[in-house]
Amino acid sequence: MTACEGSQSALDPAGSAAELIARLWWPTLFVATLVTLLVLTLLAVAVFRAHKKHAELPLSVRQSRNLVIAGGIILPLAATIPFALSSFSIGRTIHAPLPDDALTVEVIGKQWWWEVHYLDEAGDRIATTANEIHIPVDEPIRFLLSSDNVIHSFWVPNLQGKTDMIPGRTNLTSMTADEPGVYRGQCAEYCGTQHALMAFLLVAEAPEAFDDWLAHQRQPAREPATDAQARGREVFLEAECADCHTIRGTPADGEDGPDLTHIASRQTLAGATVPNRIGHLGGWITDPQHIKPGNKMPPSELSPEELQTLLGYLESLE
């Protein structure tokens, strides 16, 4: 039911693939509702007749056989075959091969966040981010999906159906956003303690805005502009932060946590769990288990002065 309204609605398609899925869903719902009502009606009739004092004689063998054939074979086939054929046709359409020069985005499912890489035509990584995917509108995007831990499922209800992310295997999907917007994606396969809080944002924007965003994401982190920011960078490198996180342009090259090179440009933290504001960021650094119990990030024991300078530095990484 969480995919029935708002920015995570399969019933409010904003892409060609989601539109085809919605077209199949509505008649499926209508027919399934009719079948349910018919079954309940027949059940009510059977219960009523069973309690009559003078029940009619049971059906003959021939009548029973005809009823089974009609109601148990012919009608179900007549209802399901058209939907099966439509589903097959839609599946072929929404998973049709993309042009060789289509933008390719690699997404790796973590516990419990999303690592995102943008690839060039040679398949080399040119930009890295986390939990927020930007794409240009009206352009087909190829997604390479994998996991380095357990099975996840990549789902942006407004734009495309679900695709599993399986360890040791790379699955392929694609999507095209027909209109600009911010759409919520979700892991759709139970993957552990924080499965419910493993989400991400997909930002569809004009091609010019996307090109500017990607060019900025390719750059290393900006140098500190103040002494306080420089001190914050020292705190980051000296504390445990640099063991798990990368900030390109600095010695920090950890791989266990999200790349923080441009963390201030993102709208959310912790897999779209909380807004990316200084208060939430401070709470996440000092007590991440309070925000997202069971996640892999340990608490940081920093003095108030160290925390403030660290926050000032991270806020400068736009």
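## A tour from pocket to surface

The residues lining the largest pocket include 21 nonpolar, eight polar and seven charged ones. Keep in mind as you explore that this is a predicted model.

**Stop 1: the largest pocket.** Its volume comes to about 700 Å³. To find the middle, select His245, Gly257, Pro258, Trp284 and Met297, which are the closest to the pocket centre among its 36 lining residues. Now colour the secondary structure around them. Which elements give two or more residues to the lining of the largest pocket? They are three helices, H5 (241–244), H6 (278–286) and H8 (304–315), together with strand E11 (268–269).

**Stop 2: a loop glycine.** Next, select Gly123, which sits in the loop that links strand E2 (114–119) to strand E3 (125–130). Its relative accessibility is 44%, so Gly123 counts as partly exposed, falling between the 20% limit for buried and the 50% limit for exposed. Add Glu106 to your selection and draw a distance between the two C-alpha atoms: you should read 9.7 Å, for residues 17 apart along the chain.

**Stop 3: a nonpolar patch.** Finally, move to helix H1 (residues 16–50) and pick Leu37, which lies in it. Is Leu37 buried, partly exposed or exposed? Leu37 is partly exposed, because its relative accessible area is 48% and exposed would require over 50%. Then extend the selection to Phe30, Leu34, Leu40, Leu43 and Val47, which form a nonpolar surface patch with Leu37. Show the surface here: together, the residues of this patch have about 590 Å² of accessible area.

Terms used:
Residues numbered from 1 in each chain as written. Predicted model: local features only at pLDDT ≥ 70, side-chain atom pairs only at ≥ 80, totals over all residues. Heavy atoms only, no water. 1 Å grid on protein atoms, 1.4 Å probe; cavity = no way out; pocket = protein on both sides within 12 Å on 5 of 7 lines; lining within 4 Å. Points joined across faces, edges and corners; volume = space filled by probe spheres on them. Helix = DSSP H or I, 4+ residues; strand = E, 2+ residues; numbered from the N terminus. Nonpolar A, V, L, I, M, F, W, Y, C, P; charged D, E, K, R; others polar. Buried < 20%, exposed > 50% of the residue type's maximum accessible area, 1.4 Å probe, protein only. Patch = residues over 30% accessible without salt bridge, like charges linked within 9 Å, V, L, I, M, F, W, Y side chains within 5 Å. Areas by Shrake-Rupley, 256 points an atom, 1.4 Å probe, with all protein chains shown as cover. Salt bridge = Lys/Arg side-chain N within 4 Å of Asp/Glu carboxyl O.
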